[in-house]
Amino acid sequence: MKFVNTRPFVDPEVAALKIVDIANAVEPYFDNRILIEKINGPFLYELRGTPAEYKAGLDRAIEKGWLVLHGSGTFVKFTPAGAELFA
């Protein structure tokens, strides 16, 4: 019998909350922009999330109205609802 470790970010809701938490810890760039690499680097390499978990979490954070992804895909911004999570 093989035992498989459960992955913490399989649930997109948990991944979304972690992505928003990481984004909150990042110093915003020009015009309150948070560069996407400042979020995906820690999520993928420090927390060992998978690209699929990252994408699902980012999509859920956008769907919930916490973050807005720029059309270029290079940065996100907090929405008022996302900012309230840390107020």
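**View 1. Phe78 and its ring partner Phe86.** Phe78 counts as partly exposed, with a relative accessibility of 26%. Here, buried means under 20% relative accessible area, exposed over 50%, and partly exposed in between, using a 1.4 Å probe and protein chains only. Phe86 is also partly exposed, at 33% relative accessible area. Keep in mind that this is a predicted model, where local features need pLDDT of at least 70, side-chain atom pairs count only at pLDDT 80 or more, and totals for chains, interfaces and linings use all residues. Residues are numbered from 1 along each chain as its sequence is written, and side-chain values use heavy atoms, with hydrogens and water left out.

**View 2. Aromatic pairs.** How many aromatic pairs does a search of the whole structure find? There are three. Rings of Phe, Tyr and Trp (its six-membered ring) pair if their centres lie within 6.5 Å; planes under 30 degrees apart count as stacked, over 60 as edge-to-face and the rest as tilted. Phe9 and Phe43 make a tilted pair, with 4.8 Å from centre to centre and 45° between the planes. This pair links distant parts of the chain, since Phe9 sits in the segment before α1 and Phe43 in helix α2, 34 residues apart. Both Phe9 and Phe43 are buried. Phe78 and Phe86, by contrast, meet edge-to-face, at 6.2 Å centre to centre with 80° between the planes.

**View 3. Helix α1 and its buried side.** Helices (H or I, at least four residues) and strands (E, at least two) are DSSP runs, numbered from the N terminus. The 14 residues of α1 (residues 12-25) should span 20 Å at 1.5 Å a residue, and the end C-alpha atoms are indeed 20 Å apart. That expected span is 1.5 Å times one less than the number of residues. Which residues of α1 are buried? They are Ala15, Ala16, Ile19, Val20, Ile22 and Ala23. These residues cover an arc of only 160° around the axis, so they lie on the same side of α1. The arc is taken from the directions from the helix axis to the C-beta atoms. The buried residues of α1 pack against β1 (34-35), α2 (37-46), α3 (51-63), β2 (67-69) and β3 (75-78).

**View 4. The core around Tyr54.** A nonpolar core is a set of buried Ala, Val, Leu, Ile, Met, Phe, Trp, Tyr and Cys residues joined through side-chain atoms within 4.5 Å. The largest one has 19 residues, and Ile19, Phe43 and Tyr54 are among those with the most contacts inside it. Helix α1 gives the most to this core, with six residues. Leaving out residues up to four places away in sequence, Tyr54 touches Ile19, Ile36, Ile39, Asn40, Phe43 and Leu44; contact means heavy atoms within 4.5 Å. Tyr54 also joins Phe9 and Phe43 in one aromatic cluster.

**View 5. The open sheet.** Three strands form this sheet in the order β1-β3-β2, with antiparallel pairing. Strands β1 and β2 stand at the edges with a single partner strand each, so one side of each has no neighbour in the sheet. Two strands pair if DSSP finds at least two bridges between them, and β1 and β3 pair over two bridges. The bridge partner of Leu35 in β3 is Phe75.

**View 6. The loop between α1 and β1.** Asp31 lies in this loop, and so does Asn32. Asp31 has a phi near 60°, a positive value in a residue other than glycine, and Asn32 likewise has a phi near 60°. Most residues other than glycine have a negative phi. Asp31 is partly exposed, at 43% relative accessible area, while Asn32 is exposed, at 56%.
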